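Colleague: I should like to learn how to read this model one residue at a time. May I put some questions to you while we look at it together?

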Amino acid sequence: MLAETDIQALDASLASVARQNEQHHDNLQNLLQRFHLLLDDYNRLKSDYEEEKESREKYKKLARGQERNPFVLVLVDGDGCLFKEHLVKAGSDGGITAARLLSDSIKEQVQDRLGAQADQCRIMVRIYSNVLGLSKSLARNGLLGYEARSLSPFAASFTRSQDLFDYVDAGDKKEGADYKIREMFRLFADNNQCKHIFFAGCHDAGYLSMLTPYRGKSDRITLIKAASFHPEYAKLDIPVRELPAVFMNSTPGGTHIGNGNGNSHVGVGPVFSNHTGPKNVPTAPSRPICKHFQKGICRYGNECMKVHIMPSQQLSQSKHYVPSPMQSPSKLRDDAYYYKNLPGTWGKYKDHIALNIDDERLDSYCPSPSTDAWDSYNRRIKQHKLCNRHQLSGDCDNPACEFDHGPADDDCLHVMRHILRQHDGCRGTKPCKFGRHAHTLSLKVMQWVPPVEHVDNSSEFIDPSDPSDRSFEETSTTTTDHPTSPSSLLDGILIT
């Protein structure tokens with residue numbers, strides 16, 4: 001039998017083994033738990049690695065694609081940045097030469113900017129202009145013929161001579177070219193494939209807001225100086241270069257004008273030119289004058305049977321015109337002339353019709369509506385369009401009329417009269433659909449008569465030559481009370 005001490009020692013040993021076994025189990029469980037955590041971290045990191053690896057591969061492919069077709073962009077506002085005179089005059093051949101010279105000049109600039117990378121870059125050129133208007137202006141300066149869109153052969157040959165060269169007609173809307181250029185610039189300014197942008201439009205301050213965010217970016221943008229350079233562009237800290245072999249360094253005649261939005265603009269485009277044409281003009285045409293040519297839409301060109309001269313080259317009177325004994329040639333009547341001489345629409349006989357010495361009707365003078373009058377009219381027609389017949393003549397014979405017959409204030413009526421007279425089509429200047437007689441008849445009022453629909457027994461026929469009748473003097477001498485900025489004055493429409 002075991003002694004008591006042996007039994008106690010054995011029990012202590014068993015207890016020690018149990019404790020050790022329990023501690024080992026705890027250590028094993030802790031180790032297994034840590035292993036599981038480590039395994040979870042590994043799997044998560046592996047997943048992140050795979051995603052990062054995939055992203056890097058995509059980026060590498062994209063980067064390789066962007067580096068595969070590098071190019072430089074040349075943006076030109078063709079309405080103010082004009083090609084050399086000898087290039088424009090050469091027509092189709094000039095377009096081809098212009099494209100070659102522009103390509104060579106840009107290659108030299110790219111070599112300076114990009115160094116060894118320049119050989120890999122292609123050149124993309126976008127020129128935007130109003131071809132129709134620019135053709136007319138260049139024709140007036142003797143650089144092109146007067147055929148419609150005479151610049152088109154130059155533009156077409158320029159476009160087809162190089163794969164990435166385009167001369168684009170931006171249309172005749174105001175700032176059409178500006179809009180196109182801004183959008184093209186925004187598209188490529190931060191494009192990695194586009195290594196540099198050469199911008200030729202520094203004659204127009206309107207592009208300053210577009211370039212200001214890129215101030216100091218000499219590695220991305222170069223400004224091209226042509227006929228005119230707005231001084232604000234010098235403050236952008238962007239390199240400025242000239243291409244003397246390609247663009248004019250001054251406009252024909254040195255014209256400096258505005259582009260309609262307060263910005264300095266130099267050019268001979270449709271809105272920008274104020275040239276009046278060649279000084280040596282024919283004394284009188286031997287054949288009828290082509291009106292289509294003067295509008296820039298004659299399709300016959302040099303084969304046209306009529307004379308191709310601009311209005312500025314015409315005499316004030318054709319040699320075929322023979323004035324009547326009572327009529328003598330006179331200078332063109334403008335707005336100020338009509339404002340001074342036409343009878344007014346106010347006074348005691350405002351509803352009467354003025355007649356001259358030949359019993360010809362004289363329309364009353366209708367001044368331009370004020371801003372408040374226009375606002376009043378626009379507010380009214382937004383609610384319901386007004387009926388012209390009812391409001392202006394007081395008689396609408398359409399029982400199913402859908403327009404407003406409600407009372408209208410004087411401002412609305414005045415605007416309606418003004419708009420109706422604009423439909424006449426005469427602005428006091430050539431060309432005009434009315435004949436010479438309509439612009440040369442006497443404006444001296446000899447009598448006032450009521451309209452036919454207003455004639456009754458009490459109607460008066462007023463003779464201005466009668467000194468006893470002072471009412472005529474009142475109505476015919478109040479023109480000084482009218483605004484000093486008269487609107488376009490129209491012949492041939494009477495509104496009662």
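Colleague: Does Phe158 count as buried or exposed?
Modeller: A residue is buried under 20% relative accessible area, exposed over 50% and partly exposed in between, using a 1.4 Å probe and the protein chains only. Phe158 has a relative accessibility of 0%, so Phe158 counts as buried.

Colleague: On what basis should such values be read, and what kind of model is this?
Modeller: Residues are numbered from 1 along each chain as its sequence is written, and side-chain values use heavy atoms, without hydrogens or water. Local features need pLDDT of at least 70 and side-chain atom pairs count only at pLDDT 80 or more, while totals for chains, interfaces and linings use all residues, since this is a model that is predicted.

Colleague: With which residue does Phe158 form an edge-to-face aromatic pair?
Modeller: Rings of Phe, Tyr and Trp (its six-membered ring) pair if their centres lie within 6.5 Å; planes under 30 degrees apart are stacked, over 60 edge-to-face and the rest tilted. The whole structure holds eleven aromatic pairs. In one of them, the centres are 6.2 Å apart and the planes are at 85 degrees, and the partner of Phe158 is Tyr167.

Colleague: What is the relative accessible area of that partner, Tyr167?
Modeller: Tyr167 belongs to an aromatic cluster with Phe83, Phe154, Phe158, Phe165 and Phe247. Contact means heavy atoms within 4.5 Å; leaving aside neighbours within four places in sequence, Tyr167 is in contact with residues including Ile127, Leu134, Leu151 and Ala155. Tyr167 is buried, and its relative accessible area is 10%.

Colleague: How is the pair of Phe229 and Tyr233 classed?
Modeller: Phe229 is partly exposed at 21%, whereas Tyr233 is buried at 0%. Their ring centres are 6.0 Å apart and their planes stand at 50 degrees, so the pair is tilted.

Colleague: Which helix gives the most residues to the largest nonpolar core?
Modeller: A nonpolar core is a set of buried Ala, Val, Leu, Ile, Met, Phe, Trp, Tyr and Cys residues joined through side-chain atoms within 4.5 Å. The largest has 39 residues, and Phe83, Leu102, Ile106, Leu151, Phe158, Tyr167 and Phe247 touch the most other members. Helices (H or I, at least four residues) and strands (E, at least two) are DSSP runs numbered from the N terminus, and those that each supply at least two residues of this core include E1 (71-77), H3 (91-114) and H5 (152-161). The most, seven residues, come from H3.

Colleague: Where does Glu108 lie, and is Glu108 buried or exposed?
Modeller: Glu108 lies in helix H3. With a relative accessible area of 56%, Glu108 is exposed.

Colleague: What length does helix H6 reach from its first C-alpha to its last?
Modeller: The expected span of a helix is 1.5 Å times one less than its number of residues. Helix H6 (residues 176-188) has 13 residues, for which 18 Å is expected. Its buried residues, among them Ile181, Met184 and Phe185, pack against E1, E2, E4, helix H7 (208-211) and E5. The span of H6 in the model, close to the expected value, is 19 Å.

Colleague: How many disulfides does the structure contain?
Modeller: A disulfide is a pair of cysteine sulfur atoms within 2.5 Å. The sulfur of Cys401 has its closest cysteine sulfur in Cys387, at 3.8 Å, which is too far for a bond. A search of the whole structure gives a count of zero.

Colleague: What is phi of Arg149, a residue other than glycine?
Modeller: Most residues other than glycine have a negative phi. Arg149, in the loop between H4 and H5, is partly exposed at 37% relative accessibility. Its phi is positive, near 50 degrees.

Colleague: Where is Asp237 placed?
Modeller: Asp237 also has a positive phi, near 55 degrees, and is exposed at 56%. Its place is in the loop between strand E5 (221-225) and strand E6 (240-242).

Colleague: Finally, what share of the residues of the protein count as buried?
Modeller: The protein has 14 helices and eleven strands. Of its 496 residues, the share that count as buried is 41%.
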